[in-house]
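Okay, everyone, thanks for coming. Let me put the structure up, and then I'll talk through a few spots.

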Amino acid sequence: MQPRTPLVLCVLLSQVQLLTSAEDLDCTPGFQQKVFHINQPAEFIEDQSILNLTFSDCKGNDKLRYEVSSPYFKVNSDGSLVALRNITAVGRTLFVHARTLHAEDMAELVIVGGKDIQGSLQVVDSDRPERSKFRLTGKGVDQEPKGIFRINENTGSVSVTRTLDREVIAIYQLFVETTDANGKTLEGPVPLEVIVIDQNDNRPIFREGPYIGHVMEGSPTGTTVMRMTAFDADDPATDNALLRYNIRQQTPDKPSPNMFYIDPEKGDIVTVVSPALLDRETLENPKYELIIEAQDMAGLDVGLTGTATATIMIDDKNDHSPKFTKKEFQATVEEGAVGVIVNLTVEDKDDPTTGAWRAAYTIINGNPGQSFEIHTNPQTNEGMLSVVKPLDYEISAFHTLLIKVENEDPLVPDVSYGPSSTATVHITVLDVNEGPVFYPDPMMVTRQENISVGSVLLTVNATDPDSLQHQTIRYSVYKDPAGWLNINPINGTVDTTAVLDRESPFVHNSVYTALFLAIDSGNPPATGTGTLLITLEDVNDNAPFIYPTVAEVCDDAKNLSVVILGASDKDLHPNTDPFKFEIHKQTVPDKVWKISKINNTHALVSLLQNLNKANYNLPIMVTDSGKPPMTNITDLRVQVCSCRNSKVDCNAAGALRFSLPSLLLLSLFSLACL
């Protein structure tokens with residue numbers, strides 16, 4: 001059997017009853033007759049006129065279109081209803097929808113004697129073998145979603161079992177075949193395409209919000225601000241998803257209730273007022289909120305609607321220059337002081353949150369020494385004029401500054417800075433009693449340590465900056481940590497009251513620091529401070545000393561080395577090392593002890609023989625390299641201990657042992673005392 005042309009089942013879900021409105025008393029747009037009754041014939045014949053429909057929009061029926069609820073019928077341009085093919089059953093009712101640019105209407109065709117086909121289609125096969133059956137397969141039958149369609153296996157009637165939703169599935173691809181009693185395919189399968197006809201059951205929705213647009217103040221009429229786009233889930237090929245936009249409400253409604261216009265088809269929002277009305281500085285509120293409505297069915301009253309809010313901000317541009325609130329400002333400041341002395345105020349009508357309002361100040365004249373600076377207060381936009389280098393009344397008691405103000409952002413081309421964007425500041429410097437100033441400061445001298453008491457170090461010099469005031473100066477010691485100095489209160493001569501010692505803890509890196517005061521005779525008096533740095537040259541006035549002064553050695557030691565001695569000296573080179581180490585010959589025999597030089601600062605003390613367990617005092621003489629040299633004799637206490645079985649015992653060393661000459665001297669001293 002040859003493949004058959006696919007059968008198309010168009011299921012009408014619902015219909016929309018359009019409302020009509022009269023434009024005038026002479027013509028009523030719409031169908032002249034709303035309801036027709038047709039007797040059910042044995043068969044509707046293809047291209048045979050069934051009835052004539054009359055529709056008028058009262059404006060010439062431009063672009064008139066008809067739609068029939070059944071896919072097997074159409075309405076010709078002359079209004080005649082015809083069948084597209086021979087068909088028997090069409091149901092009980094047909095609907096015809098007519099539409100022009102200006103009106104639309106719906107007519108109902110009642111089929112008298114017709115039967116309700118409940119969304120069914122009769123599949124006819126005149127050549128079908130006897131006792132064969134129809135079988136239906138595909139998505140919606142035996143594939144998910146299952147059970148939506150079924151076929152009468154004997155008559156071939158295809159029916160719908162539940163409501164269809166075009167937005168879920170718009171087209172079903174089914175297959176029809178004939179089988180024998182055993183289920184074996186005899187003919188087919190033949191494709192059967194079921195098209196779900198859309199009904200307007202989805203409102204337009206705005207899915208991309210929030211919608212915020214910006215437009216610069218003074219923009220030309222017709223400036224595009226933003227685009228609003230809604231979505232309709234209905235069939236985009238029908239008017240069910242054909243959207244039209246309009247502005248339902250504008251808040252605020254000043255200075256015009258129609259500040260903006262929206263393109264009904266594209267959704268573009270544009271300005272419609274003159275640039276003069278779009279002046280941010282004169283608007284009640286620079287933010288507008290528009291309620292935008294999208295309506296399907298090309299905007300006809302029967303269409304469904306959805307709304308969204310569009311927020312439009314009127315952005316500021318720098319069309320107002322800042323202006324000083326007055327031409328001249330006054331300020332006073334004490335000489336020697338620093339900080340803010342005056343705040344310069346300006347006015348600017350632009351948006352305070354933008355660079356079109358924020359001010360930038362510049363000193364354009366009167367500041368050759370860079371003693372002044374001006375900065376913008378970010379909260380108030382005022383210019384804070386400051387003294388950054390102390391002013392001197394004696395040099396200049398008055399200063400005049402010329403200051404200009406501009407915006408951070410450039411002005412628009414047709415606006416410029418005028419005379420009000422500059423101002424003069426008159427500054428008066430107040431005289432104050434300034435403290436005397438030492439010169440130089442610090443003062444530096446170099447002397448040898450140990451110079452005689454009363455030696456003159458220097459005469460300090462302090463001057464009074466207040467040259468216009470005839471004041472006297474007196475001197476005093478402020479800080480003298482070691483108490484070595486004195487200053488003449490009248491002439492400032494500094495002399496010593498004690499010996500200067502370089503090795504004193506008050507001296508750091510050979511420098512002694514003292515502070516002096518210079519006090520003028522003002523009321524109240526003012527004080528200046530000067531620093532004296534005395535560099536002390538070293539003198540060989542400190543004898544060296546040894547370390548350590550105690551040592552231990554075993555009485556049976558094979559290594560007769562006792563201790564390594566080091567020497568140190570508080571003086572500086574060349575009054576220190578190399579040191580000379582010796583055993584004091586007058587008290588210790590050479591045959592018992594020996595001292596050997598290791599380097600310039602260390603020597604080794606060793607025994608020439610083992611000694612008995614006892615404590616010994618060994619006089620060590622160390623001499624530095626100064627000229628003249630200084631010598632120091634220090635007793636090195638040596639403990640000879642008993643070392644047995646890894647144990648060291650020094651407790652029983654007993655009394656000190658002396659050499660024979662020492663005993664003889666002790667005996668002679670005892671006899672002399674009798």
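I'll go through some strands first and then some aromatic rings.

Quick housekeeping: this is a predicted model, where local features need pLDDT of at least 70, side-chain atom pairs count only at pLDDT 80 or more, and totals for chains, interfaces and linings use all residues. Residues are numbered from 1 along each chain as its sequence is written, and side-chain values use heavy atoms, with hydrogens and water left out.

So, strands. By that I mean DSSP runs of E, at least two residues, numbered from the N terminus. Three of them make an open sheet, ordered E18-E21-E20, with antiparallel pairing. Pairing here needs at least two bridges found by DSSP between two strands. On the edges sit E18 (224-227) and E20 (260-262), each pairing on one side only. From one strand to the next, the twist averages 20°; that angle comes from axes that are lines fitted to C-alpha atoms, on a scale from 0 to 180 degrees between N-to-C directions. E20 pairs with E21 (residues 268-271) over three bridges, antiparallel, and Tyr-261 has Val-270 in E21 as its bridge partner.

Now look at E43, residues 550-554. Which of its side chains are buried? Ala-551 and Val-553 are, and they point to one face, while Val-550, Glu-552 and Cys-554 point to the other and are not buried. Buried means under 20% relative accessible area; exposed is over 50%, and partly exposed is in between, with a 1.4 Å probe and protein chains only. E43 runs parallel to its partner E49 (residues 631-644), over five bridges, and Val-553 is matched with Val-640 there.

On to the rings. There are 11 aromatic pairs, meaning Phe, Tyr or Trp rings (for Trp, the six-membered one) with centres within 6.5 Å; planes under 30 degrees apart are stacked, over 60 edge-to-face, and the rest tilted. One of them is Phe-31 with Phe-55, edge-to-face, 5.3 Å centre to centre and 70° between the planes. It links distant parts of the chain, 24 residues apart, from E2 to E5. Phe-31 is buried at 4% relative accessible area, and Phe-55 is buried too, at 5%.

Then there's Phe-438 with Tyr-475, a tilted pair at 6.2 Å and 55°. This one joins E33 and E37, 37 residues apart, and both residues are buried.

Last stop: Phe-206, Tyr-211 and Tyr-245 form one aromatic cluster.

Conventions. Helix = DSSP H or I, 4+ residues; strand = E, 2+ residues; numbered from the N terminus.
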